[in-house]
Each structure stands twice: as structure tokens, then as C-alpha cells.
Amino acid sequence: MDPYDIVEKAAKTGKVDKGVNEVTKAVERGVAKMVVVAKDVEPRELTLHLPILCKEKEIKFVEADSKEKLGISV
């Protein structure tokens, strides 16, 4: 299953946080199950901390190809 399908399925439950700040908070609290970030986010520095944080908290981190497709999935 690709990340877009997973995000779309999760979005139907209403349990999807969007945006760097909300996602960072969810990871820090340990409530996130998985983080999906688009590879084409600009500037890239906005999301560079997320894979490190996810690894520390043992949360699955996935990169999607397109922020546009990811936005549609949500």
C-alpha cells in the first residue's frame, strides 16, 4: 500500500494532523502512529527534524513523492 492510500484511509477517520507544527507536537507527545512528508517540500529545512524525531520516538516515517498528491489524499 502506498503512502497516499494510507493517508487517505486515515483521513476518513478524522485522525490526521496536518502541518509541520501539528505533526511535530503529535510526534513529541507520542500519539502519532506514522508521519508522511513530501519529498518536494520547500524549503527542505522545514521538515528535516521529523525523521530524527520519529526515530527517537520509534514512529514510522515515510516520504511521499509529491506534496500535491499528499494534499489531495488528506
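A salt bridge is a side-chain nitrogen of Lys or Arg sitting within 4 Å of a carboxyl oxygen of Asp or Glu. Keep that in mind as we look around this structure, which is a predicted model.

By this rule, the count comes to 2 salt bridges. Here they are:

| Salt bridge | N to O distance |
|---|---|
| Lys-39 and Asp-65 | 3.7 Å |
| Glu-63 and Arg-44 | 2.4 Å |

The pair of Glu-63 and Arg-44 ties together distant parts of the chain, 19 residues apart: Glu-63 is in strand β2, and Arg-44 is in the loop between β1 and α3. Glu-63 is partly exposed, with a relative accessible area of 33%, and Arg-44 is partly exposed too, at 28%.

What about the other pair, Lys-39 and Asp-65? Their side chains also link distant parts of the chain, 26 residues apart, with Lys-39 in the loop between β1 and α3 and Asp-65 in the loop between β2 and α4. Lys-39 has 44% relative accessibility, so it counts as partly exposed, whereas Asp-65 is exposed at 51%.

Now for helix α2 (residues 20-29), where you'll find Thr-24. Is Thr-24 buried or exposed? Thr-24 has a relative accessible area of just 14%, so it's buried, the cut-off for that being under 20%. Its side chain makes a polar contact of 2.8 Å with the side chain of His-49. A polar atom of the Thr-24 side chain also lies 2.7 Å from the backbone oxygen of Val-20.

Finally, the surface: Asp-40, Glu-42, Glu-45 and Glu-68 form a negative patch there. Glu-68 belongs to helix α4 (residues 67-73) and, at 60% relative accessibility, counts as exposed.

Conventions:
Residues numbered from 1 in each chain as written. Predicted model: local features only at pLDDT ≥ 70, side-chain atom pairs only at ≥ 80, totals over all residues. Heavy atoms only, no water. Patch = residues over 30% accessible without salt bridge, like charges linked within 9 Å, V, L, I, M, F, W, Y side chains within 5 Å. Areas by Shrake-Rupley, 256 points an atom, 1.4 Å probe, with all protein chains shown as cover. Lys, Arg positive; Asp, Glu negative; His and termini not counted. Charge placed at Lys NZ, Arg CZ, Asp CG, Glu CD. Helix = DSSP H or I, 4+ residues; strand = E, 2+ residues; numbered from the N terminus. Buried < 20%, exposed > 50% of the residue type's maximum accessible area, 1.4 Å probe, protein only. Polar contact = N/O pair within 3.5 Å; in protein donor to acceptor, adjacent residues only side chain to side chain.
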